[in-house]
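Here are a few exercises to work through with the structure on screen. Try each task yourself before you read the solution.

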Amino acid sequence: MEAVADAGLARSIGVSNFNQRQLQRVLDNCRIKPANLQIENHIYLQQNELVKFCKANGVTVTAYSPLGSKGIEKLLNREVPDLLDNPTVKEIAQRAGKTAAQVLLRHLLQRGIATIPKSTNADRLRQNISLFDFELSSDDMVKLNGLDQNIRICDFGFFPGITKHPEFPF
């Protein structure tokens, strides 16, 4: 990737689904530091230590599946938690006059994490970008931070044998 960047074919380098050990190994051996780490991150999987490590090393973090991934249930052949139906999230959303999705996305933004919400619905797309006309209180942030359960939705178990690979990050 460094050669690609040197050739002017990429402005920056990013990595995805690296754990702290893997990212440290890259940082110890790279000439061009990764600009971004993309990871699953939401109220049930906040990965605070990894986010803190990234910030300390000047690597931005982007969250995928910030609203959960209900559509992935068929692929995983199991139920996944409905983050939008969490009572705390719903209570904060109602009080703020916002949607549950907006609360979840705003929580990430206030933690300094970029988000990649997925939707094909035009109304929800508009709602998902309308995050800058409100702020969550410190009490709301504490409540949302307290929902972390280390629950990974996208465990990649649908790829045969991946969990046995020596570099499997989870």
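**Exercise 1.** Work out how much accessible surface the protein chain has, and what share belongs to carbon and sulfur atoms.

Solution. Start with the total: the accessible surface of the protein chain is about 9,800 Å², by the Shrake-Rupley method with a 1.4 Å probe. Then take the share: carbon and sulfur atoms hold 53% of that surface. Keep in mind that this is a predicted model, where local features need pLDDT of at least 70, side-chain atom pairs count only at pLDDT 80 or more, and totals for chains, interfaces and linings use all residues. Residues are numbered from 1 along each chain as its sequence is written, and side-chain values use heavy atoms, leaving out hydrogens and water.

**Exercise 2.** Find the order of the helices and strands in the protein chain.

Solution. Count first: there are eight helices and four strands, read as DSSP runs (H or I, at least four residues, for helices; E, at least two, for strands) and numbered from the N terminus. Now walk along from the N terminus, and you get α-β-α-β-α-β-α-α-α-β-α-α.

**Exercise 3.** Place Leu125: which helix holds it, and is it buried, partly exposed or exposed?

Solution. Leu125 sits in helix 7, residues 122-129. Next, its relative accessible area is 42%, so Leu125 is partly exposed (buried is under 20%, exposed over 50%, partly exposed in between, with a 1.4 Å probe and protein chains only). Finally, look across to Gly14, 111 residues away along the chain: the C-alpha atoms of Leu125 and Gly14 are 25 Å apart.
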